[in-house]
Amino acid sequence: MSYSQMPPAQPQFAGPPSESPAQPGGTPKWARKRIAIPAAFLVFFVGVGVGSAGEAEGEGTGVSGKGGPQPTVTVTRTATAEPSRTAAAEPAGDDKPSADAPETATVPDFVGMGLQSAQDTAQKAGFHGLTSHDALGRERMQAFDRNWKVCSQNVKAGTSKPTDTDLDFGAVKLEEDCPAKDEKPPTADGGTMPDFTGKSVKAARSALDSGVSLTVEDALPDDRWVLVESNWKVCTQEPAAGASLDGQPVTLKAVKFEESCP
């Protein structure tokens, strides 16, 4: 291409750098552009403005906006209504039901029964708090109830008692005779030595303080070991009955219950 064929140079627009050359009609292209604002944004903006104005109006006049909630009134109604429902559900004064009274039952006569039968009879009558003790005061355990018979009971037969009453049976072995009344184990009250003569070694040990040094010997020259202490009876003791117990050692000599003391 020769210089004579080149198109003439276009005139340069001298306006602002961001402006474009004028279009036909005399209006620049940049002046005819519109900013598209979404309608949702306009609604939100208007709503916020109106809400803010309503709050400001309410604060200034002391009156809440149109249709506004009244939280104070609502809370007060709820607080006063709740006790009313509670009061209506629970009877007041003498109308309020008392605690359930315990059931009662008639205490059977257990004397002469085998210990196991007596316990079964008591449970059928509604009594379940059952204990037993050695009526001879030897402090033997009733390990096999069928080998024992009832000599006494702590609650008189024929009386009406609550079923949670504890029943205690005094018992002896089947081959033994019941005593006229239950024999009580000895006690070392007042710090003096009890009279253990004829009592079981086990009862004597239970009467003494657990810290006492106790020696038990065979009263016969057989030098036997005293293993089941409830089967042995005391023949002699040292110190003697009535002596002051000041922590001194105690010695007992004993034989089996079916034996005689030397």
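This passage describes two sheets, two disulfides and a nonpolar surface patch in a predicted model.

The model is predicted, so local features need pLDDT of at least 70 and side-chain atom pairs count only at pLDDT 80 or more, while totals for chains, interfaces and linings use all residues. Residues are numbered from 1 along each chain as its sequence is written, and side-chain values use heavy atoms, with hydrogens and water left out.

It is convenient to begin with the sheets. Helices (H or I, at least four residues) and strands (E, at least two) are DSSP runs numbered from the N terminus, and two strands are taken to pair if DSSP finds at least two bridges between them. Strands of a sheet pair through backbone hydrogen bonds, in either the parallel or the antiparallel sense. One open sheet has 3 strands in the order S2-S5-S3, and its pairing is mixed. Strand S2 (130–134) and strand S3 (148–153) are its edge strands, each pairing on one side only. From one strand to the next, the twist averages 40 degrees; axes here are lines fitted to C-alpha atoms (for helices, over the stretch in contact), and angles run from 0 to 180 degrees between N-to-C directions. Between S3 and strand S5 (residues 167–173), 5 bridges are found in the antiparallel sense. Gln153 has Phe169 in S5 as its bridge partner.

Another open sheet of 3 strands is ordered S6-S8-S7, with mixed pairing. Here S6 and S7 form the edges, and each pairs on one side only. The average twist from one strand to the next is 30 degrees. S6 and S8 run parallel and are joined by 5 bridges; Leu214 stands opposite Val250 in S8.

The disulfides come next. A disulfide is a covalent bond between the sulfur atoms of two cysteines. With a disulfide taken as a pair of cysteine sulfur atoms within 2.5 Å, the count comes to 2. Counting bonded cysteines along the chain, the pattern is 1-2, 3-4.

Cys151 and Cys178 form one of these links, with their sulfur atoms 1.9 Å apart. The link is left-handed, with -75 degrees about the S-S bond. Cys151 lies in strand S3 and Cys178 in the loop between S5 and helix H4 (201–207), so the pair ties together parts that are 27 residues apart in sequence. For accessibility, buried means under 20% relative accessible area, exposed over 50%, and partly exposed in between (1.4 Å probe, protein chains only). Cys151 is buried at 14%, whereas Cys178 is partly exposed at 37%.

Cys235 and Cys261 are also joined by a disulfide, at an S to S distance of 2.0 Å. Its torsion about the S-S bond is about -80 degrees, so this disulfide is left-handed. Cys235 lies in strand S7 and Cys261 in the segment after strand S8 (250–256), so the pair connects parts that are 26 residues apart in sequence. Cys235 is buried, with a relative accessible area of 13%, and Cys261 is partly exposed at 36%.

Finally, the surface. Trp225, Leu227 and Val228 make a nonpolar patch of about 420 Å². Patch residues have over 30% relative accessible area and no salt bridge; like charges are joined within 9 Å and nonpolar side chains (Val, Leu, Ile, Met, Phe, Trp, Tyr) within 5 Å. A salt bridge is a side-chain nitrogen of Lys or Arg within 4 Å of a carboxyl oxygen of Asp or Glu. Accessible areas come from the Shrake-Rupley method with a 1.4 Å probe, and for residues only the protein chains shown count as cover. Trp225 lies in the loop between strand S6 (214–218) and strand S7 (232–238), and Trp225 is exposed, with a relative accessible area of 71%.
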